Amino acid sequence: MRSEWELRYENISIRHENETMSNISSTEAGAVPMTSAQAHRAEVLENPLQKYAHVRQLHNGSGPYYTSGFWWCGVVLMGVGELGNFAAYGFAPASLIAPLGCVSVMASAVISVAFLKETVRTSDIVGGTLSITGTYVLVTFAPHNTSEITAQLVQYYIISWPFLLYLFFEVIIFCVLLYLYKKRNVKHIVVVMLLVALLASLTVISVKAVSGMITETIKGHLQLIYPIFYIMLVVMAASCAFQIKFLNQAMKMFDATEVVPINFVFFTASAILAGIVFYQEFEGLAILNIFMFLFGCLLSFLGVFLIAWNRPKIKQEDRNFIAMNRIPGECVPVDGALIRLMSAEVVTGSV
């Protein structure tokens, strides 16, 4: 019969091997190995069908997630949704499109209950009600008139003094925040999310310009021959790339229940401000409409906070488990390799 130490050593070896194989699989799939907490935070950015595919694969012990039909279904639906969102900017004001992002948060909560069997909480019901009410109010009182976005119009907006002043202050604020974040090592969530929001305002401006010019081209008024189209295309790609970079860093440093609602509020506010300054979307709008629109946005913000607040987290790793490369003690050769042995007190968790 094997000794108690041999059984403990075999158990630790198996668990270490499982962790190593899991990290290798993630690396082969093109991802960076993450802890369970980081994985949970990253899953918030996926749609519920993708997360459902991960849960199924883990439960059934089958192949990688990208072999699941549910995962690919989630990817396709997410792509179709983003394509529709891109096209919407060509037909409606940016200040109307951006706040409607709360609908995706509500849809994710509903699908999570249906597919992931999550418990419906009181805050989910109240938050969903507030979000629906706020969406109805802001859609009712938001500006609905939009100009046809042509290359000449975009060029006119770029050299207008309100936008130049807005861009000047945005660049100054962005440089100050970037200095604090990179040089002063200020890792506060507001600093990181403000960096994302400032980039998001450029993203909204460029996306609406590109989408609008493509729409006009489809209608028969060719806009792709103007250099401003390609300038806006480059701005859109660059701002999206850096926006995703900072957002991913925020997801690594902070909990998703903080990042998701703050990002929604900051992104929506920056998109509305960009639409007001660049595209002059509130020009001629009545004071009552502006007040009710902002009130509807406030209700939507509050609803998203309640839905994302105190979401259940996945089970963390067993704290009694110690990785083989962190086991204190003396190194001894086992099967031609150096294995670090732990004391009996560490194994039993008494230390």
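Helices (H or I, at least four residues) and strands (E, at least two) are DSSP runs, numbered from the N terminus. The structure is a predicted model, in which local features need pLDDT of at least 70 and side-chain atom pairs count only at pLDDT 80 or more, while totals for chains, interfaces and linings use all residues. Residues are numbered from 1 along each chain as its sequence is written, and side-chain values use heavy atoms, with hydrogens and water left out.

**Exercise 1. The chain as a whole**

Task: describe the secondary structure, burial and contacts of the chain.

Solution: Begin with the elements, of which the chain has 14 helices and two strands. Next take burial, where buried means under 20% relative accessible area, exposed over 50%, and partly exposed in between (1.4 Å probe, protein chains only); buried residues are 38% of the 351 in the chain. Then turn to contacts, meaning heavy atoms within 4.5 Å: of those with a separation of 6 or more, 77% are between residues 24 or more positions apart. Finally, the accessible surface, computed by the Shrake-Rupley method with a 1.4 Å probe, comes to about 20100 Å², and carbon and sulfur atoms account for 67% of this area.

**Exercise 2. Annotated spans and the model**

Task: compare two of the annotated transmembrane regions with the secondary structure of the model.

Solution: First consult the record: the unreviewed UniProt entry places the feature "transmembrane region" at several spans, including residues 156-181 and 259-279. UniProt positions are given in the numbering used here, feature names are shortened, and annotations may be inferred rather than shown by experiment. Then examine each span in the model: residues 156-181 are 92% helix and 0% strand, with end C-alpha atoms 35 Å apart, and residues 259-279 are 90% helix and 0% strand, with end C-alpha atoms 28 Å apart.

**Exercise 3. Length and buried side of α6**

Task: check the length of helix α6 and locate its buried residues.

Solution: The expected span of a helix is 1.5 Å times one less than its number of residues. For the 14 residues of α6 (residues 102-115) this gives 20 Å, which agrees with the 20 Å between the end C-alpha atoms. The buried residues of α6 include Cys102, Val105, Met106, Ala109 and Ser112. Because they cover an arc of only 120° around the axis, they lie on the same side of α6, the arc being that of the directions from the helix axis to the C-beta atoms. Just after α6, Lys117 takes a positive phi of about 60°.

**Exercise 4. The packing of α8**

Task: find the buried residues of helix α8 and the helices against which they pack.

Solution: In α8 (residues 151-158), the buried residues are Ala151, Leu153, Val154 and Tyr157. Their arc of only 160° around the axis puts them on the same side of α8. They pack against α9 (161-182), α10 (189-218) and α11.

**Exercise 5. The surroundings of Ser95**

Task: establish where Ser95 lies and what surrounds it.

Solution: Start with its position, which is in helix α5 (residues 94-97). Ser95 has a relative accessible area of 0% and is therefore buried. Beyond its neighbours within four places in sequence, Ser95 is in contact with Pro143, Ile272, Glu281, Phe282 and Phe293. With Glu281, the side chain of Ser95 makes a polar contact of 2.7 Å; such a contact is a pair of N or O atoms within 3.5 Å, where, within protein, one must be able to donate a hydrogen and the other to accept it, and residues adjacent in sequence count only if both atoms are side-chain atoms.

**Exercise 6. Two loop residues with positive phi**

Task: compare the location and accessibility of Asn185 and Gln280.

Solution: Recall that most residues other than glycine have a negative phi. Asn185, not a glycine, has a positive phi of about 60°; Asn185 is in the loop between α9 and α10 and, with a relative accessible area of 54%, is exposed. Gln280, also not a glycine, has a positive phi of about 50°; Gln280 lies in the loop between α12 (256-277) and α13 and, at 27% relative accessible area, is partly exposed.

**Exercise 7. Partners distant in sequence**

Task: identify what Met292 and Thr215 touch beyond four places away in sequence.

Solution: Met292 lies in helix α13 (residues 287-308), where it touches Val137 and Phe141. Met292 and Val137 are 155 residues apart in sequence, yet their C-alpha atoms are 6.8 Å apart. Thr215 is found in helix α10 and counts as buried at 9% relative accessibility; it touches Gly90 and Phe91.
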